[in-house]
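I opened my notebook to put down, step by step, what I looked up in this protein. I wanted the overall picture before anything else.

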Amino acid sequence: MSTVLHQAARDAGLAPSILNSQPWRWQVHDDVLDLYADLDRRLPDVDRHGRLMTISCGAALHHARVALAAAGYEPAVDRLPDRGRPALLARIHDCRARPATPESLATCRSMQLRHTDRRLFAAGMPVPGEVLSRLRAAAASEGARLHQLPHQDVVYLGYAARGAQTVGAHDARAAAELHRWTHRGADARDGIPPGTVAGPAARPVPVRDFGLGGEAALPPGDGDDAGAVYMVVATAGDEPVDWLVAGEAVSAVWLTATAQGLTGSPMSDVIEIPGARVLVRSLLPPPGQPQLVLRFGVAPPNEPPASPRRPAAEPVTEAPDAGEDVS
Ligand SMILES: Cc1cc2nc3c(=O)[nH]c(=O)nc-3n(C[C@H](O)[C@H](O)[C@H](O)COP(=O)(O)O)c2cc1C
(Lines give C-alpha, C1' and ligand atoms only; values in the text may rest on other atoms or scores of the structure.)
Protein backbone atom coordinates (compact mmCIF):
# COMPACT_ATOMS: atom_id res chain seq x y z
CA MET A 1 0.00 0.00 0.00
CA SER A 2 2.86 2.34 0.83
CA THR A 3 4.00 2.36 -2.83
CA VAL A 4 0.51 3.31 -3.99
CA LEU A 5 0.32 6.11 -1.41
CA HIS A 6 3.75 7.42 -2.44
CA GLN A 7 2.60 7.51 -6.06
CA ALA A 8 -0.67 9.28 -5.21
CA ALA A 9 1.26 11.96 -3.30
CA ARG A 10 3.62 12.43 -6.25
CA ASP A 11 0.71 12.70 -8.69
CA ALA A 12 -0.88 15.32 -6.44
CA GLY A 13 1.99 17.64 -7.38
CA LEU A 14 0.05 18.40 -10.57
CA ALA A 15 -2.55 20.30 -8.55
CA PRO A 16 -3.03 24.04 -9.08
CA SER A 17 -1.79 26.36 -6.33
CA ILE A 18 -1.68 30.04 -5.48
CA LEU A 19 1.24 31.59 -7.42
CA ASN A 20 2.32 28.01 -8.19
CA SER A 21 3.78 27.91 -4.67
CA GLN A 22 2.99 24.16 -4.31
CA PRO A 23 2.63 24.64 -0.54
CA TRP A 24 2.22 21.00 0.50
CA ARG A 25 4.26 18.15 1.87
CA TRP A 26 3.31 14.55 2.35
CA GLN A 27 4.38 11.91 4.78
CA VAL A 28 3.83 8.19 4.33
CA HIS A 29 3.81 5.88 7.33
CA ASP A 30 2.57 2.32 7.21
CA ASP A 31 -0.73 2.50 5.32
CA VAL A 32 -1.35 6.16 6.13
CA LEU A 33 -0.66 9.27 4.04
CA ASP A 34 -0.54 12.61 5.87
CA LEU A 35 -0.86 15.96 4.12
CA TYR A 36 0.83 18.97 5.73
CA ALA A 37 0.83 22.62 4.73
CA ASP A 38 4.44 23.55 3.93
CA LEU A 39 4.69 26.72 5.98
CA ASP A 40 8.02 27.64 4.33
CA ARG A 41 6.02 28.07 1.10
CA ARG A 42 3.21 30.23 2.39
CA LEU A 43 2.69 33.79 1.18
CA PRO A 44 2.31 35.88 4.33
CA ASP A 45 1.68 39.17 2.52
CA VAL A 46 -0.54 38.07 -0.38
CA ASP A 47 -2.38 35.43 1.64
CA ARG A 48 -2.42 36.75 5.22
CA HIS A 49 -4.66 34.12 6.76
CA GLY A 50 -3.43 31.12 4.79
CA ARG A 51 -6.77 30.65 3.06
CA LEU A 52 -5.29 30.33 -0.43
CA MET A 53 -2.49 28.07 0.82
CA THR A 54 -5.11 25.77 2.40
CA ILE A 55 -7.28 25.83 -0.74
CA SER A 56 -4.20 24.84 -2.75
CA CYS A 57 -3.53 21.96 -0.35
CA GLY A 58 -7.19 20.93 -0.67
CA ALA A 59 -6.72 20.74 -4.44
CA ALA A 60 -3.66 18.53 -3.89
CA LEU A 61 -5.68 16.35 -1.48
CA HIS A 62 -8.37 15.86 -4.13
CA HIS A 63 -5.71 15.06 -6.75
CA ALA A 64 -4.29 12.37 -4.43
CA ARG A 65 -7.79 10.92 -3.94
CA VAL A 66 -8.33 10.88 -7.72
CA ALA A 67 -5.00 9.08 -8.22
CA LEU A 68 -5.99 6.51 -5.59
CA ALA A 69 -9.41 5.98 -7.20
CA ALA A 70 -7.74 5.38 -10.57
CA ALA A 71 -5.37 2.90 -8.90
CA GLY A 72 -8.38 1.03 -7.51
CA TYR A 73 -8.60 2.37 -3.94
CA GLU A 74 -11.09 4.35 -1.93
CA PRO A 75 -9.60 5.81 1.26
CA ALA A 76 -11.06 7.27 4.41
CA VAL A 77 -10.03 10.91 4.88
CA ASP A 78 -9.83 12.81 8.16
CA ARG A 79 -9.63 16.58 7.69
CA LEU A 80 -7.74 18.70 10.24
CA PRO A 81 -7.50 15.61 12.46
CA ASP A 82 -5.37 17.11 15.27
CA ARG A 83 -6.20 20.51 16.80
CA GLY A 84 -2.73 20.65 18.33
CA ARG A 85 -1.07 20.37 14.90
CA PRO A 86 -2.83 22.82 12.53
CA ALA A 87 -0.30 22.21 9.73
CA LEU A 88 -1.53 18.60 9.52
CA LEU A 89 -4.39 19.21 7.09
CA ALA A 90 -5.54 15.70 6.28
CA ARG A 91 -4.92 12.04 6.95
CA ILE A 92 -5.67 9.46 4.25
CA HIS A 93 -6.06 5.97 5.69
CA ASP A 94 -7.92 2.66 5.49
CA CYS A 95 -7.74 2.40 1.71
CA ARG A 96 -10.26 -0.18 0.55
CA ALA A 97 -9.96 -1.90 -2.82
CA ARG A 98 -12.58 -0.59 -5.25
CA PRO A 99 -12.26 -1.14 -9.00
CA ALA A 100 -11.46 1.99 -11.00
CA THR A 101 -14.37 3.21 -13.13
CA PRO A 102 -14.09 4.74 -16.62
CA GLU A 103 -15.03 8.05 -14.99
CA SER A 104 -12.31 7.87 -12.35
CA LEU A 105 -9.74 7.04 -15.04
CA ALA A 106 -10.92 9.98 -17.16
CA THR A 107 -10.71 12.33 -14.15
CA CYS A 108 -7.18 11.09 -13.49
CA ARG A 109 -6.22 11.79 -17.11
CA SER A 110 -7.54 15.33 -16.69
CA MET A 111 -4.90 15.90 -14.00
CA GLN A 112 -2.26 15.72 -16.76
CA LEU A 113 -4.27 17.82 -19.22
CA ARG A 114 -5.42 20.66 -16.93
CA HIS A 115 -3.52 23.95 -17.12
CA THR A 116 -4.40 27.45 -16.04
CA ASP A 117 -5.49 29.32 -19.17
CA ARG A 118 -5.53 33.11 -18.90
CA ARG A 119 -6.34 33.78 -22.56
CA LEU A 120 -9.55 35.43 -23.77
CA PHE A 121 -12.71 33.45 -24.53
CA ALA A 122 -14.40 34.76 -27.64
CA ALA A 123 -18.16 35.26 -27.87
CA GLY A 124 -20.07 32.71 -29.95
CA MET A 125 -18.71 29.66 -28.10
CA PRO A 126 -21.01 29.45 -25.07
CA VAL A 127 -20.48 26.87 -22.33
CA PRO A 128 -23.38 24.37 -22.63
CA GLY A 129 -25.86 24.37 -19.75
CA GLU A 130 -25.50 20.61 -19.31
CA VAL A 131 -21.76 21.07 -18.68
CA LEU A 132 -22.46 23.76 -16.08
CA SER A 133 -24.77 21.33 -14.26
CA ARG A 134 -21.95 18.79 -14.13
CA LEU A 135 -19.62 21.38 -12.64
CA ARG A 136 -22.19 22.23 -9.96
CA ALA A 137 -22.58 18.54 -9.17
CA ALA A 138 -18.79 18.15 -8.89
CA ALA A 139 -18.64 20.95 -6.28
CA ALA A 140 -21.64 19.55 -4.38
CA SER A 141 -20.06 16.09 -4.22
CA GLU A 142 -17.17 17.68 -2.29
CA GLY A 143 -19.42 19.56 0.14
CA ALA A 144 -19.16 23.01 -1.49
CA ARG A 145 -21.39 25.09 -3.72
CA LEU A 146 -20.69 26.48 -7.16
CA HIS A 147 -22.61 29.64 -7.93
CA GLN A 148 -22.63 30.88 -11.51
CA LEU A 149 -22.82 34.66 -11.67
CA PRO A 150 -25.68 35.83 -13.89
CA HIS A 151 -24.79 38.37 -16.57
CA GLN A 152 -25.85 41.40 -14.51
CA ASP A 153 -23.65 40.35 -11.58
CA VAL A 154 -20.55 39.95 -13.76
CA VAL A 155 -20.47 43.77 -13.83
CA TYR A 156 -20.05 43.77 -10.03
CA LEU A 157 -17.32 41.12 -10.25
CA GLY A 158 -15.57 43.51 -12.64
CA TYR A 159 -15.76 46.27 -10.00
CA ALA A 160 -14.40 43.89 -7.37
CA ALA A 161 -11.50 42.81 -9.63
CA ARG A 162 -10.55 46.38 -10.57
CA GLY A 163 -10.75 47.45 -6.93
CA ALA A 164 -8.65 44.48 -5.80
CA GLN A 165 -5.98 45.30 -8.38
CA THR A 166 -5.78 48.92 -7.28
CA VAL A 167 -5.58 48.05 -3.59
CA GLY A 168 -3.05 45.25 -4.27
CA ALA A 169 -0.80 47.53 -6.29
CA HIS A 170 -0.62 49.96 -3.35
CA ASP A 171 0.38 47.26 -0.87
CA ALA A 172 4.17 47.40 -1.14
CA ARG A 173 4.78 44.15 0.78
CA ALA A 174 2.24 42.15 -1.23
CA ALA A 175 3.63 43.63 -4.47
CA ALA A 176 7.16 42.61 -3.44
CA GLU A 177 5.99 39.07 -2.64
CA LEU A 178 4.23 38.86 -6.00
CA HIS A 179 7.43 40.06 -7.70
CA ARG A 180 9.44 37.29 -5.98
CA TRP A 181 7.05 34.57 -7.21
CA THR A 182 6.87 35.94 -10.77
CA HIS A 183 10.63 36.34 -11.23
CA ARG A 184 11.95 32.92 -10.26
CA GLY A 185 14.22 32.54 -13.31
CA ALA A 186 14.12 30.26 -16.32
CA ASP A 187 15.09 27.06 -14.45
CA ALA A 188 12.61 27.55 -11.59
CA ARG A 189 10.34 24.68 -10.57
CA ASP A 190 7.72 26.91 -9.01
CA GLY A 191 6.24 30.40 -9.36
CA ILE A 192 4.55 32.05 -12.33
CA PRO A 193 6.53 32.16 -15.60
CA PRO A 194 5.79 35.32 -17.64
CA GLY A 195 5.04 33.09 -20.63
CA THR A 196 1.88 31.83 -18.89
CA VAL A 197 0.48 35.31 -18.22
CA ALA A 198 -1.67 36.90 -20.93
CA GLY A 199 -0.67 40.33 -22.18
CA PRO A 200 -2.96 43.32 -21.71
CA ALA A 201 -6.45 43.06 -23.22
CA ALA A 202 -9.82 44.74 -22.67
CA ARG A 203 -12.01 42.45 -20.56
CA PRO A 204 -15.27 42.97 -18.67
CA VAL A 205 -13.56 41.39 -15.65
CA PRO A 206 -9.80 41.98 -15.55
CA VAL A 207 -7.75 38.92 -14.62
CA ARG A 208 -4.77 39.33 -12.31
CA ASP A 209 -1.85 40.81 -14.26
CA PHE A 210 0.68 39.67 -11.63
CA GLY A 211 2.32 43.10 -11.82
CA LEU A 212 4.16 41.93 -14.94
CA GLY A 213 2.92 44.68 -17.26
CA GLY A 214 4.81 44.41 -20.57
CA GLU A 215 6.73 41.30 -19.38
CA ALA A 216 3.56 39.15 -19.71
CA ALA A 217 4.41 37.09 -22.78
CA LEU A 218 1.30 35.02 -23.57
CA PRO A 219 -0.68 36.41 -26.53
CA PRO A 220 -4.20 36.90 -25.10
CA GLY A 221 -5.88 35.79 -28.32
CA ASP A 222 -8.90 37.21 -30.05
CA GLY A 223 -12.16 38.19 -28.51
CA ASP A 224 -13.22 40.07 -25.45
CA ASP A 225 -13.93 37.34 -22.87
CA ALA A 226 -17.64 37.53 -23.72
CA GLY A 227 -17.60 33.71 -23.88
CA ALA A 228 -16.40 33.38 -20.26
CA VAL A 229 -18.56 32.14 -17.41
CA TYR A 230 -17.72 33.16 -13.84
CA MET A 231 -18.41 30.78 -11.01
CA VAL A 232 -17.82 31.23 -7.29
CA VAL A 233 -16.82 28.26 -5.16
CA ALA A 234 -18.51 28.87 -1.82
CA THR A 235 -18.84 27.09 1.50
CA ALA A 236 -21.27 27.56 4.38
CA GLY A 237 -18.48 28.11 6.94
CA ASP A 238 -15.23 30.03 6.77
CA GLU A 239 -12.80 28.03 8.91
CA PRO A 240 -9.61 26.27 7.74
CA VAL A 241 -11.56 23.03 7.24
CA ASP A 242 -13.92 24.91 4.90
CA TRP A 243 -10.92 26.25 2.96
CA LEU A 244 -9.61 22.69 2.60
CA VAL A 245 -13.00 21.43 1.37
CA ALA A 246 -13.20 24.40 -1.02
CA GLY A 247 -9.83 23.35 -2.47
CA GLU A 248 -11.08 19.81 -3.00
CA ALA A 249 -14.13 21.25 -4.75
CA VAL A 250 -11.97 23.54 -6.91
CA SER A 251 -10.01 20.50 -8.07
CA ALA A 252 -13.16 18.43 -8.67
CA VAL A 253 -14.81 21.23 -10.67
CA TRP A 254 -11.68 22.03 -12.67
CA LEU A 255 -10.91 18.39 -13.57
CA THR A 256 -14.56 17.92 -14.61
CA ALA A 257 -14.35 21.09 -16.68
CA THR A 258 -11.17 19.82 -18.36
CA ALA A 259 -12.83 16.50 -19.19
CA GLN A 260 -15.74 18.46 -20.69
CA GLY A 261 -13.49 20.49 -23.01
CA LEU A 262 -13.37 23.68 -20.93
CA THR A 263 -10.36 25.62 -19.80
CA GLY A 264 -9.89 28.69 -17.63
CA SER A 265 -8.27 30.39 -14.69
CA PRO A 266 -9.03 31.12 -11.04
CA MET A 267 -9.31 34.64 -9.67
CA SER A 268 -8.21 35.02 -6.08
CA ASP A 269 -7.35 38.70 -5.78
CA VAL A 270 -11.09 39.32 -5.30
CA ILE A 271 -10.87 36.91 -2.33
CA GLU A 272 -7.61 38.23 -0.83
CA ILE A 273 -8.65 41.89 -0.66
CA PRO A 274 -11.30 42.22 2.07
CA GLY A 275 -13.42 44.94 0.37
CA ALA A 276 -13.57 42.99 -2.89
CA ARG A 277 -14.51 39.83 -1.02
CA VAL A 278 -17.42 41.60 0.69
CA LEU A 279 -18.72 42.61 -2.75
CA VAL A 280 -18.35 39.04 -4.09
CA ARG A 281 -20.09 37.66 -0.99
CA SER A 282 -23.03 39.99 -1.60
CA LEU A 283 -23.57 38.25 -4.96
CA LEU A 284 -24.07 34.83 -3.32
CA PRO A 285 -27.25 33.40 -1.89
CA PRO A 286 -26.74 32.97 1.89
CA PRO A 287 -25.09 31.22 3.60
CA GLY A 288 -22.25 31.63 1.16
CA GLN A 289 -18.60 32.28 2.00
CA PRO A 290 -16.73 32.90 -1.27
CA GLN A 291 -13.48 30.94 -1.47
CA LEU A 292 -12.37 31.24 -5.11
CA VAL A 293 -13.74 32.56 -8.40
CA LEU A 294 -13.30 30.36 -11.49
CA ARG A 295 -13.45 31.75 -15.03
CA PHE A 296 -14.15 29.08 -17.64
CA GLY A 297 -14.75 28.98 -21.38
CA VAL A 298 -14.65 26.55 -24.28
CA ALA A 299 -11.00 25.60 -24.88
CA PRO A 300 -9.40 27.17 -27.96
CA PRO A 301 -7.76 24.64 -30.32
CA ASN A 302 -4.20 25.22 -29.09
CA GLU A 303 -3.02 24.37 -25.56
CA PRO A 304 -2.03 27.03 -23.04
CA PRO A 305 1.57 26.76 -21.82
CA ALA A 306 2.20 24.50 -18.81
CA SER A 307 3.70 25.80 -15.56
CA PRO A 308 6.72 24.09 -13.98
CA ARG A 309 6.60 21.76 -11.00
CA ARG A 310 9.06 20.67 -8.33
CA PRO A 311 10.40 17.12 -8.79
CA ALA A 312 7.41 14.91 -7.95
CA ALA A 313 9.13 13.09 -5.09
CA GLU A 314 10.48 16.24 -3.39
CA PRO A 315 7.51 16.91 -1.08
CA VAL A 316 7.02 13.23 -0.16
CA THR A 317 8.87 11.62 2.77
CA GLU A 318 8.65 8.56 4.96
CA ALA A 319 7.59 9.21 8.55
CA PRO A 320 10.44 9.80 10.98
CA ASP A 321 10.92 7.39 13.86
CA ALA A 322 8.00 7.13 16.25
CA GLY A 323 7.82 10.00 18.70
CA GLU A 324 9.38 12.62 16.42
CA ASP A 325 6.96 15.49 15.76
CA VAL A 326 7.12 16.96 12.26
CA SER A 327 4.32 19.53 12.39
C1 LIG B 1 -6.02 29.08 -4.49
C2 LIG B 1 -5.57 29.45 -5.88
C3 LIG B 1 -5.58 30.80 -6.27
C4 LIG B 1 -5.21 31.14 -7.58
N5 LIG B 1 -5.30 32.45 -7.97
C6 LIG B 1 -5.06 32.79 -9.26
C7 LIG B 1 -5.28 34.13 -9.73
O8 LIG B 1 -5.71 35.01 -8.98
N9 LIG B 1 -5.03 34.39 -11.03
C10 LIG B 1 -4.57 33.43 -11.90
O11 LIG B 1 -4.38 33.74 -13.07
N12 LIG B 1 -4.33 32.16 -11.48
C13 LIG B 1 -4.58 31.82 -10.19
N14 LIG B 1 -4.39 30.53 -9.76
C15 LIG B 1 -3.82 29.54 -10.68
C16 LIG B 1 -2.34 29.29 -10.35
O17 LIG B 1 -1.57 30.42 -10.67
C18 LIG B 1 -1.87 28.03 -11.10
O19 LIG B 1 -2.57 26.93 -10.61
C20 LIG B 1 -0.39 27.79 -10.94
O21 LIG B 1 0.35 28.82 -11.52
C22 LIG B 1 0.03 26.46 -11.57
O23 LIG B 1 -0.30 26.44 -12.94
P24 LIG B 1 -1.27 25.33 -13.55
O25 LIG B 1 -2.61 25.52 -12.91
O26 LIG B 1 -1.27 25.61 -15.02
O27 LIG B 1 -0.71 23.99 -13.23
C28 LIG B 1 -4.77 30.14 -8.49
C29 LIG B 1 -4.76 28.80 -8.07
C30 LIG B 1 -5.18 28.45 -6.79
C31 LIG B 1 -5.20 27.01 -6.38
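The entries below go from the whole protein to its domains.

Entry one, the model. I noted at the start that this is a predicted model, and I kept that in mind while reading every value.

Entry two, secondary structure. I looked up the helices and strands, and I found that the protein has 9 helices and 9 strands.

Entry three, overall dimensions. I asked myself why the radius of gyration of 19 Å agrees with a compact globule. The reason I wrote down is that a compact globule with 327 residues would have a radius of gyration near 20 Å, so the 19 Å of the protein agrees with it. Along the principal axes, the C-alpha atoms fill a box of roughly 55 × 45 × 40 Å.

Entry four, inside and surface. Of the 327 residues, 52% are buried, where I took buried to mean under 20% relative accessible area. The accessible surface comes to about 14400 Å², and carbon and sulfur atoms account for 54% of that surface.

Entry five, contacts along the chain. Among the contacts with a separation of 6 or more, I found that 78% are between residues 24 or more positions apart.

Entry six, charges. I looked up 32 positive and 38 negative side chains, and the centres of these two sets lie 3 Å apart.

Entry seven, domains. Which residues belong to domain 1, and which to domain 2? Domain 1 takes in 2-113 + 308-318, while domain 2 covers 129-298. Their C-alpha centres lie 21 Å apart, and 39 residues of domain 1 are in contact with 38 residues of domain 2.

Notes: Residues numbered from 1 in each chain as written. Predicted model: local features only at pLDDT ≥ 70, side-chain atom pairs only at ≥ 80, totals over all residues. Heavy atoms only, no water. Helix = DSSP H or I, 4+ residues; strand = E, 2+ residues; numbered from the N terminus. Rg over C-alpha atoms; globule rule 2.2 N^0.38 Å. Buried < 20%, exposed > 50% of the residue type's maximum accessible area, 1.4 Å probe, protein only. Contact = heavy atoms within 4.5 Å. Areas by Shrake-Rupley, 256 points an atom, 1.4 Å probe, with all protein chains shown as cover. Lys, Arg positive; Asp, Glu negative; His and termini not counted. Charge placed at Lys NZ, Arg CZ, Asp CG, Glu CD. Domains from an automatic or database assignment.
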